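Hi everyone, thanks for making time today. Please have the viewer open so you can click along while I talk.

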Amino acid sequence: MQQSPGGIACSADCRARIDNMAALVASATAEQKPPARADYRPVLLMLLLGVTFVGLLTRPYALGLFCLVFGLLSLIYRLIQNWRAKKQHTA
């Protein structure tokens, strides 16, 4: 039995494997990114859509206008998300 920083090994060969595995785990742990902060954009989008819907209730064809505004805002939001993901992926 041999004591290793990665655990207890039965032989020198096993100890080398355990040390290698411990180094891989340490490397992977060091490369992890910190958790992302909370994203407030979806909340703001829903708030904007709610205000838009209430504002359009007094107008004729309100449902059609709301659907148009909702669709356009959703499209713009998704395009921005895709652009940021591509920018982050290439960086």
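I'll go through confidence, then the core, the surface and the charged pairs.

First, the ground rules. This is a predicted model, in which local features need pLDDT of at least 70 and side-chain atom pairs count only at pLDDT 80 or more, while totals for chains, interfaces and linings use all residues. Residues are numbered from 1 along each chain as its sequence is written, and side-chain values use heavy atoms, with hydrogens and water left out.

Now confidence. pLDDT is the predictor's confidence in each residue, from 0 to 100. The chain average here is 79, and 90% of the residues score at least 70. When I say helix or strand, I mean DSSP runs numbered from the N terminus: H or I of at least four residues for helices, E of at least two for strands. Among these elements, helix α3 (residues 62-90) has the highest mean pLDDT, 83, and strand β1 (residues 2-4) has the lowest, 74. As a general caution, where pLDDT is low, the predicted coordinates should not be read in detail.

On to the core. A nonpolar core here is a set of buried Ala, Val, Leu, Ile, Met, Phe, Trp, Tyr and Cys residues joined through side-chain atoms within 4.5 Å. Buried means under 20% relative accessible area, exposed means over 50%, and partly exposed is in between, using a 1.4 Å probe and protein chains only. So which residues make up the largest nonpolar core? There are six: L45, L49, L56, A62, F66 and Y77. Helices α2 (41-56) and α3 each supply at least two residues of this core. In soluble globular proteins, nonpolar side chains tend to be buried together.

Let's click on L49. Contact means heavy atoms within 4.5 Å, and if we skip neighbours within four places in sequence, L49 is in contact with F66, V69, F70 and L73. Looking back from the other side, V69 sits in helix α3 and touches L49 and T52, again not counting residues up to four places away. V69 counts as partly exposed because its relative accessible area is 27%. Its C-alpha atom is 12 Å from that of G55, 14 residues apart along the chain.

What about nonpolar residues at the surface? Y40, L44, L47 and V51 make a nonpolar surface patch of about 430 Å². Patches take residues with over 30% relative accessible area and no salt bridge, joining like charges within 9 Å and nonpolar side chains (Val, Leu, Ile, Met, Phe, Trp, Tyr) within 5 Å. The areas come from the Shrake-Rupley method with a 1.4 Å probe, and for residues only the protein chains shown count as cover. One of the patch members, L44, belongs to helix α2 and is partly exposed because its relative accessibility is 46%.

Last, the charged pairs. A salt bridge is a side-chain nitrogen of Lys or Arg within 4 Å of a carboxyl oxygen of Asp or Glu. How many salt bridges does that rule give? It gives two. One pairs R17 with D13, with the closest N and O atoms 3.5 Å apart. Both residues lie in helix α1 (residues 12-31), four residues apart, about one turn of the helix. R17 is exposed because its relative accessibility is 57%, whereas D13, at 46%, is partly exposed. D19 and R15 also form a salt bridge, at 3.7 Å from N to O, and they too lie in helix α1, four residues apart.
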